[in-house]
Amino acid sequence: QECARMNSLLVRIKKTFSDLDLGMKGELSMTEAMEDLMAAIYADAVPDSWSKLAYPSLKSLGAWYVDLLKRVQQLVEWSSSLQLPSVVWVSGLFNPQAFLTAVMQITSRKADWPLDKMVLQTEVLKRDVDTRL
């Protein structure tokens, strides 16, 4: 689910940039969507066409893009191993609640525990400035 949503967002970003490039070269007529994209980039804001598919964020475009790259990296690492990582940047997910519910369901099945008796406990760790996420 997370990878599918991220892929949809990345496809949209690539398509809008490709269309804008063709429009700037004169190979496509400039549309209102292209002009909106240019205006958003100029204003250092996340374009509406992207934010509709993206995770909630109030960051400027530059900071949002850095954040996007970190989120993509987490998903790449996670999907390459197909193992539940020992550490997850939960707020870096599109739907953290779905992830936490899935973790509880998997644990419940594995340990043969009743799901309704399970409790999720998290431990917030201090992080160094040099960590990836």
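**Ring contacts, core packing and salt bridges in a predicted model**

Arg71 is placed over the face of Tyr55, at 3.5 Å from the ring centre. The structure is a predicted model, and the values below were computed from it. Both residues of this contact recur in other groupings. Tyr55 belongs to a cluster in which ring pairs link Phe17, Trp50, Tyr55, Trp64 and Phe94. Arg71 belongs to a network with Lys59 and Asp67, joined by salt bridges that share partners.

Within that network, Asp67 and Lys59 form a salt bridge whose closest N and O atoms are 3.5 Å apart. The two partners fall into separate accessibility classes. Asp67 has a relative accessible area of 7% and is therefore buried, the limit for this class being under 20%. Lys59, with a relative accessible area of 41%, is partly exposed.

The number of salt bridges in the model is four. Among them are two within helix H1, which spans residues 2–25. In one, Lys15 is bridged to Asp19, with the closest N and O atoms 3.0 Å apart. These two residues are separated by about one helical turn, because they are four residues apart in helix H1. Lys15 has a relative accessibility of 48% and counts as partly exposed. In the other, Asp21 is bridged to Lys25, and the closest N and O atoms are 3.1 Å apart. Asp21 and Lys25 are likewise four residues apart in helix H1, so about one helical turn separates them. Asp21 is partly exposed at 37% relative accessibility, whereas Lys25 is exposed at 55%, the exposed class beginning over 50%.

The model holds five aromatic pairs. The geometry of such pairs is considered next. A pair of aromatic rings is described by the distance of the centres and the angle of the planes. For Phe17 and Trp50, the ring centres are 5.3 Å apart and the planes stand at 70°, so this pair is edge-to-face. The pair links distant parts of the chain, since Phe17 lies in helix H1 and Trp50 in helix H3, 33 residues apart. Phe17 is partly exposed, with 38% relative accessibility. Trp50, by contrast, is buried, with a relative accessible area of 2%.

Trp78 and Phe99 form another edge-to-face pair, with 5.3 Å between the ring centres and 90° between the planes. Trp78 is in helix H4 and Phe99 in helix H5 (residues 96–111), so the pair ties together parts of the chain 21 residues apart in sequence. Trp78 counts as partly exposed at 22% relative accessibility, and Phe99 counts as buried at 11%.

Several of the aromatic residues named above also take part in nonpolar packing. The largest nonpolar core comprises 15 residues, and those with the most contacts inside this core are Met6, Leu9, Ile13, Trp50, Tyr55, Trp64 and Leu68. Two or more core residues are contributed by each of H1, H2 and helix H4 (61–81). Ile13 touches Trp50, Trp64 and Leu68, when residues up to four places away in sequence are not counted. Trp50 is thus a contact of Ile13 as well as the ring partner of Phe17.

Helix H2 (residues 32–42) has Met34, Leu37 and Ala40 as buried residues. Viewed down the axis of H2, the buried residues fall within an arc of 125°, so they line one face of the helix. On the other side of H2, Glu32 and Tyr42 are exposed. The cover over the buried residues of H2 includes helix H1 and helix H3 (48–51). Asp44, which follows H2, has a positive phi, near 60°.

Towards the end of the account stands Ser108, a residue of helix H5. Ser108 counts as buried because its relative accessibility is 8%, below the limit of 20%. Leaving aside residues up to four places away in sequence, Ser108 touches Trp113, Pro114, Leu115 and Met118.

Technical notes:
Residues are numbered from 1 along each chain as its sequence is written. This is a predicted model: local features need pLDDT of at least 70, side-chain atom pairs count only at pLDDT 80 or more; totals for chains, interfaces and linings use all residues. Side-chain values use heavy atoms; hydrogens and water are left out. Buried means under 20% relative accessible area, exposed over 50%, partly exposed in between (1.4 Å probe, protein chains only). The arc is that of the directions from the helix axis to the C-beta atoms. Contact means heavy atoms within 4.5 Å. A nonpolar core is a set of buried Ala, Val, Leu, Ile, Met, Phe, Trp, Tyr and Cys residues joined through side-chain atoms within 4.5 Å. Rings of Phe, Tyr and Trp (its six-membered ring) pair if their centres lie within 6.5 Å; planes under 30 degrees apart count as stacked, over 60 as edge-to-face and the rest as tilted. A charge sits over a ring if NZ of Lys or CZ of Arg is within 6 Å of the ring centre and within 35 degrees of the ring normal. A salt bridge is a side-chain nitrogen of Lys or Arg within 4 Å of a carboxyl oxygen of Asp or Glu.
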